[in-house]
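Biologist: Before I accept any label for this structure, I would like to see the reasoning behind it. Please show the model and then take my questions.

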Amino acid sequence: MYPPLGPNLRARVLARMHAHPAADTTVELPEWYFRHWHFGPGGYLTGVGIRWYDWVVRRAYYQLHEGGAHAAVLNALGEAGCRKVVEVGCGSGRLLRSLVASRQFDAVTGLEISPLLVDRARRAAPGVSVRQSDGTLDAVAEAEADAVVMAHVVGHVPPAVAGTLLAQALRLAGDRGRVALVEHAWHPLDLGRARIRRDERFHAGMQRLIVLSN
Ligand SMILES: C[S@@+](CC[C@H](N)C(=O)[O-])C[C@H]1O[C@@H](n2cnc3c(N)ncnc32)[C@H](O)[C@@H]1O
């Protein structure tokens, strides 16, 4: 687990996040989120921290082949006939942009905890509804989604949060929908009682696309 923010930095970023123009002041940041994610200073709650993830860590994760992961997600959701997709943890919005560009969905929604990244994702995917999230899917209506995508999210958050996200995502997907996860191949994942529809390795076996249903 990444180190937690010290009390002074936590208070400073919290005040800044509340005042950020992209912040939804009704949303409370979850306590587990105040960490130096990927050892970036301030994690996803400072400009330096998000640039560290976006410019360095993300490129290493996807080994410069992010488009391949996007294509795999699009293919899996297309095959299942999904039309309304919610991406949880959309970061700076690259996958959102691909989801929209594919024209295979009637609705695309992004959820992201960090207001800094909500802002970035809105710029990357203009016209897409990107909302600040409290770390759960409580505020997503069933009618909004028949597919939920999480790329490098579930394997990174505390196990209890991952379990809740997965259960909520499957509930939103309903009887016919899908939950698609992009993960590092080495992350242990508890998929509970979900039905595994696909489990593929790509990028020299380093990454995994897992497609689930109820
Ligand atoms: C490792 S980054 C992945 C970003 C992007 N999906 C990608 O593949 O590069 C994890 C992202 O998920 C967001 N995140 C983590 N847990 C979340 C949750 N429970 N709800 C919404 N966003 C979450 C973080 O703020 C961060 O932007």
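The exchange below goes through the labels one by one.

Modeller: One point beforehand: this is a predicted model.

Biologist: What makes the radius of gyration of the protein chain agree with a compact globule?

Modeller: The globule rule takes 2.2 Å times the number of residues to the power 0.38. For 214 residues the expected value is near 17 Å, and the protein chain has 16 Å, so the two agree. The C-alpha atoms fill a box of roughly 50 × 35 × 30 Å along the principal axes.

Biologist: How many helices and strands does the protein chain have, and what pattern do they follow?

Modeller: The protein chain has six helices and seven strands. Along the sequence they run α-α-α-β-α-β-α-β-β-α-β-β-β.

Biologist: How do you know which residues domain 1 and domain 2 cover?

Modeller: The bounds come from an automatic or database domain assignment. That assignment gives 7-62 for domain 1 and 66-213 for domain 2. Their C-alpha centres are 20 Å apart.

Biologist: What makes you say that domain 1 and domain 2 are in contact?

Modeller: Two residues count as in contact if their C-beta atoms lie within 7 Å. By that test, 18 residues of domain 1 are in contact with 17 residues of domain 2. Helix α2, residues 47-62, contributes the most to the domain 1 side, with five residues. That side has 13 nonpolar, two polar and three charged residues.

Biologist: Why is the largest nonpolar core said to lie between the domains?

Modeller: Both domain 1 (7-62) and domain 2 (66-213) give residues to this core, so it lies between them. The core has 60 residues, of which V148 and A180 touch the most other members. Helix α6 provides the largest share, six residues.

Biologist: Which residues does V148 touch, leaving out those up to four places away in sequence?

Modeller: V148 touches V86, V88, A169, L172, A173 and V179.

Biologist: What share of the protein chain is called buried, and by what test?

Modeller: A residue is buried if 20 or more other C-beta atoms lie within 10 Å of its own. Of the 214 residues, 43% are buried.

Biologist: What makes a residue part of the shell around the ligand, and how many are there?

Modeller: The C-beta atom must lie within 6 Å of the ligand. There are 20 such residues, and the closest are G89, G91, G135, A151 and H152. Strand β2 (107-112) and helix α6 (159-173) each supply at least two residues of the shell. By class, the shell has 11 nonpolar, seven polar and two charged residues.

How values were computed: Residues numbered from 1 in each chain as written. Predicted model: local features only at pLDDT ≥ 70, side-chain atom pairs only at ≥ 80, totals over all residues. Helix = DSSP H or I, 4+ residues; strand = E, 2+ residues; numbered from the N terminus. Nonpolar A, V, L, I, M, F, W, Y, C, P; charged D, E, K, R; others polar. Buried ≥ 20, exposed ≤ 12 C-beta atoms within 10 Å, placed from the backbone. Core = buried A, V, L, I, M, F, W, Y, C linked by C-beta atoms within 7 Å.
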